[in-house]
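Got your viewer open? Take a walk through this one with me, selecting as we go.

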Amino acid sequence: MELTDHYENLNEFHRVKQGEGGFQSQQLNERGVQPAEHVGRKLLPVVVYILLGLCILLSALTLGVVVVQFAGNLEKSSCSIAKLQAEISKPREVTGNLEKLNGSIAKLQAEISKLKEGNFEKINGSLAKLQAAISQLKENLPALQSFNKWKFFNHRLYYFSLSEVTSDEAQEFCASMNSKLVVINSGEEQAYIQENRKQDHWIGLRYSAKERTWLWVDGTSYTSNVKFWASDQPNGGEDCCTVSDNGLWHDWPCNNNHFFICEKPAW
């Protein structure tokens, strides 16, 4: 009996405690202290917003990285396109230069054709004249080689030989230098020759048996021209003439060997 009462009292005590707890909970709720379940329900939207903001921020960062990479790739693509355009333009430049070169070649060929058509004969004529001048130079080479031995007097040139030859050989040598054996036309010229020779020298005076008179090699008249014979000259039988060592004329056989004097105009 006592035990039963005791258990009942315990149960009542628990009910009272539970009622007090419930009363306390109710009193806490009335004072504004929220239970954990209600607080959790209010925090959930905040967390969602934070996570949503983080997602947006991450997406923005990802998008920025993608944009930067795209800009870099776009710049590289632009450079590649520029290089490609430059490579494409090179054949055009080569083609343009080739066309210009072809045009220049065509103009050159036209000029050459004109030259052949209009000036070929002139060129041939010039070459012919040049060849003639070279030939004449070769013919006059002995004279050119001995030019330093020519002496100038009264607008004439005189060459006093250093070797003795026959009269014919002397005339041939003078002719090879575009000159003739000297023809004495005045006392002044006679004096000049006398001063510059030391031995007998052939001059351009020869006897013609056909015409029975003396003749100058240049056709000068013997009759009207001056004469400077020695007192006993000419004595006949000797057809060529020299200026002797005393400066007067002397006849000699033409095949004798003597020095000689050539003469020609100075210009």
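Before the first click, one rule for rings: two rings of Phe, Tyr or Trp (the six-membered one, in the case of Trp) count as a pair if their centres lie within 6.5 Å. Keep in mind, too, that this is a predicted model.

**Stop 1: the aromatic rings**

Select Tyr207, Trp214, Trp216, Phe228, Trp229 and Trp249, and show their side chains: ring pairs link these residues into a cluster. Over the structure, the ring rule gives 13 aromatic pairs. When you look at any such pair, the distance of the centres and the angle of the planes are what describe it.

**Stop 2: zoom out**

Switch to cartoon. You should find five helices and eight strands, and following the sequence they come in the order α-α-α-β-β-α-β-α-β-β-β-β-β. The protein has 267 residues, and buried ones make up 21% of them. Take the contacts between residues at least 6 apart in sequence: 66% of those join residues at least 24 apart.

**Stop 3: the nonpolar cores**

Now select Ile203, Leu205, Trp216 and Trp249. These are the residues with the most contacts inside the largest nonpolar core, which has 18 residues. Colour E2, helix H5 (187–196), E4, strand E5 (213–216) and strand E6 (240–243) to see where this core comes from, as each of them supplies at least two of its residues.

Which residues does Trp216 touch, leaving aside its neighbours within four places in sequence? Its contacts are Val182, Val183, Ile184, Ile203, Gly204, Leu205, Ser221, Tyr222, Asn225 and Trp249.

There is also a second, separate core of 13 residues; to find it, click on Trp150, Cys174, Cys254 and Phe260, which are among its members.

**Stop 4: strand E2 and its partners**

Select residues 156–160, which make up strand E2. Four of its five residues are buried, so E2 is largely enclosed by the rest of the structure. Add strand E1 (residues 150–153), which runs antiparallel to E2 and is joined to it by four bridges. Phe152 is a good place to look, with Leu157 in E2 as its bridge partner. E1 and E2 form a hairpin with two residues between them, and Asn154 in the turn has a positive phi of about 50°.

Next, bring in E8, which pairs with E2 in the antiparallel sense over five bridges. Here the bridge partner of Tyr159 is Cys262 in E8. While you have these strands on screen, remember that in a regular strand the side chains alternate between the two faces of the sheet.

**Stop 5: charged pairs**

How many salt bridges does a search of the whole structure find? Two.

For one of them, select Glu263 and Arg156, whose closest N and O atoms are 3.1 Å apart. This pair links distant parts of the chain, with Glu263 in strand E8 (residues 259–265) and Arg156 in strand E2, 107 residues apart. Glu263 is buried at 8% relative accessible area, whereas Arg156 is partly exposed at 27%.

The other salt bridge is between Arg206 and Asp168, at 2.7 Å from N to O. Arg206 is in strand E4 (residues 201–208) and Asp168 in helix H4 (residues 167–176), so the pair ties together parts that are 38 residues apart in sequence. Both ends are partly exposed: Arg206 has a relative accessibility of 32%, and Asp168 has 42%.

Two lysines are worth a click as well. Lys227 lies over the face of Tyr222, 4.7 Å from the ring centre, and Lys264 lies over the face of Trp150, 4.4 Å from the ring centre.

**Stop 6: the loops**

Go to the loop between E5 and E6, where you'll find Val217. Val217 is partly exposed, at 34% relative accessibility, and its C-alpha is 7.6 Å from that of Arg206. Pro234 is in the loop between E5 and E6 too, and the peptide bond from Gln233 to Pro234 is cis, with omega near -10°.

Finish with two residues that have positive phi without being glycine. Asn178, at about 55°, is in the loop between H4 and strand E3 (180–181) and is exposed, with a relative accessible area of 56%. Arg212 also has a phi of about 55°; look for Arg212 in the loop between E4 and E5, where it is exposed at 71%.

Definitions and conventions: Residues are numbered from 1 along each chain as its sequence is written. This is a predicted model: local features need pLDDT of at least 70, side-chain atom pairs count only at pLDDT 80 or more; totals for chains, interfaces and linings use all residues. Side-chain values use heavy atoms; hydrogens and water are left out. A salt bridge is a side-chain nitrogen of Lys or Arg within 4 Å of a carboxyl oxygen of Asp or Glu. Buried means under 20% relative accessible area, exposed over 50%, partly exposed in between (1.4 Å probe, protein chains only). A nonpolar core is a set of buried Ala, Val, Leu, Ile, Met, Phe, Trp, Tyr and Cys residues joined through side-chain atoms within 4.5 Å. Contact means heavy atoms within 4.5 Å. Two strands pair if DSSP finds at least two bridges between them. Rings of Phe, Tyr and Trp (its six-membered ring) pair if their centres lie within 6.5 Å; planes under 30 degrees apart count as stacked, over 60 as edge-to-face and the rest as tilted. A charge sits over a ring if NZ of Lys or CZ of Arg is within 6 Å of the ring centre and within 35 degrees of the ring normal.
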